[in-house]
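Q: Before we turn to the details, could you take me through the features of this fold one by one, giving the general idea each time and then the case at hand?

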Amino acid sequence: MYNVQVNHEGMAENLFPDPSFPFYIFFEDYSALIGRTLNCHWHPELELDYVLRGGVDFTINGRPQMLTAGECLFLNSGVLHTARQREDMESALIMVVVFRPSLFAKEHPDSGFLRYFSGSVESLVWDGAGEEEVRVRLALERLAGLREGEYGYELMCLSEISRIWLYASRRMQQGGQRNDGGAAHGPVKKMLA
């Protein structure tokens, strides 16, 4: 049994096994979490969650968001979140992808790429059977099928995450859950410390 390691400010630590490539895919099995709950935390990275099995009740900057198998969630940088497995469903399994926007513009902080990462949306949910939702799920499934160490792994990861990010940035233009968490949840982050 385990919890997410956090620092004194409630920020998740040690997200990337390879700091030179700040991109990581892992699978969160809620039956292995203490109390089947992902402890409250935040991080400066962007996060994608794809529910593969069961259901999870997220709390995102104090707002509830229920997800079940087949649904996907995007969390923006700095968003305070926690999640608990639904009692009435099988053990939850979630594919988690975390990455830094700097992957797209590491050497050029003023790059045009970064304009796609500067939204005020704190979260987005893909929960339907529309064309965009299907494309996001397929891209996440392709990411899950990649093997670290195979030739071109990093390029293939960037390709798929770019595709997902295109859909996310389009949705941000249309609006999503607005991000007021940066300033409003500062005191909450301090209380967590």
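Q: In which order do the four strands of the open sheet lie, and what is the sense of their pairing?
A: In this predicted model, the open sheet is built from four strands in the order β2-β7-β4-β5, with antiparallel pairing. Its edges are formed by β2 (37-41) and β5 (63-68), each of which pairs on one side only. From one strand to the next, the twist averages 20°.

Q: Over how many bridges do β4 and β5 pair?
A: Strand β4, which covers residues 55-60, and β5 are joined in the antiparallel sense over six bridges. To place the register of this pair, one may start from Thr 59, which stands opposite Pro 64 in β5.

Q: Which way do the side chains of β8 point, and are they buried or exposed?
A: The general idea is that in a regular strand the side chains alternate between the two faces of the sheet. In the present case, Leu 93, Met 95, Val 97 and Phe 99 point one way from β8, while Ile 94, Val 96 and Val 98 point the other way, and all of them are buried. Strand β8 (residues 93-99) is accordingly described as mostly covered, with seven of its seven residues buried.

Q: Over how many bridges does β8 pair with β1, and over how many with β3?
A: The pairing of β1 with β8 is antiparallel and runs over seven bridges, with Phe 23 standing opposite Phe 99 in β8. Strand β3 (residues 46-53) also pairs with β8 in the antiparallel sense, over seven bridges, and here the bridge partner of Leu 48 is Val 97 in β8.

Q: How should I read the crossing of α1 and α2, and at what angle do their axes cross?
A: The axes of helix α1 (residues 131-145) and helix α2 (residues 153-174) come within 9 Å and cross at roughly 155°. Because an angle over 145 degrees counts as roughly antiparallel, α1 is roughly antiparallel to α2. The crossing of these two helices is left-handed.

Q: Which residues of α1 and α2 meet?
A: From α1, Glu 132, Arg 135, Val 136, Ala 139, Leu 140, Arg 142 and Leu 143 take part, and they meet Cys 157, Glu 160, Ile 161, Arg 163, Ile 164, Tyr 167 and Arg 171 in α2. By character, the residues in the contact of α1 with α2 divide into eight nonpolar, no polar and six charged.

Q: What is the phi of Asn 14, and where does Arg 36 lie?
A: As a general guide, most residues other than glycine have a negative phi. Asn 14, which is not a glycine, nevertheless has a positive phi near 55°; this residue lies in the segment before β1 (23-29) and is exposed, with a relative accessible area of 64%. Arg 36, again a residue that is not a glycine, has a positive phi of about 50°, and is found in the loop between β1 and β2, where Arg 36 counts as partly exposed at 37% relative accessibility.

Q: How many helices and strands does the protein have, and what pattern do they follow along the sequence?
A: The secondary structure comes to four helices and 10 strands, and, read along the sequence, the pattern is β-β-β-β-β-β-β-β-β-α-α-β-α-α. Of the 193 residues of the protein, 47% count as buried. Among contacts between residues at least 6 apart in sequence, 77% join residues at least 24 apart.

Methods: Residues are numbered from 1 along each chain as its sequence is written. This is a predicted model: local features need pLDDT of at least 70, side-chain atom pairs count only at pLDDT 80 or more; totals for chains, interfaces and linings use all residues. Side-chain values use heavy atoms; hydrogens and water are left out. Two strands pair if DSSP finds at least two bridges between them. Axes are lines fitted to C-alpha atoms, for helices over the stretch in contact, and angles run from 0 to 180 degrees between N-to-C directions. Angles under 35 degrees count as roughly parallel, over 145 as roughly antiparallel, 65 to 115 as roughly perpendicular and the rest as oblique. A crossing is left-handed if the near helix is turned anticlockwise from the far one by less than a right angle, and right-handed if clockwise. Contact means heavy atoms within 4.5 Å. Ala, Val, Leu, Ile, Met, Phe, Trp, Tyr, Cys and Pro count as nonpolar, Asp, Glu, Lys and Arg as charged, and the others, Gly among them, as polar. Buried means under 20% relative accessible area, exposed over 50%, partly exposed in between (1.4 Å probe, protein chains only).
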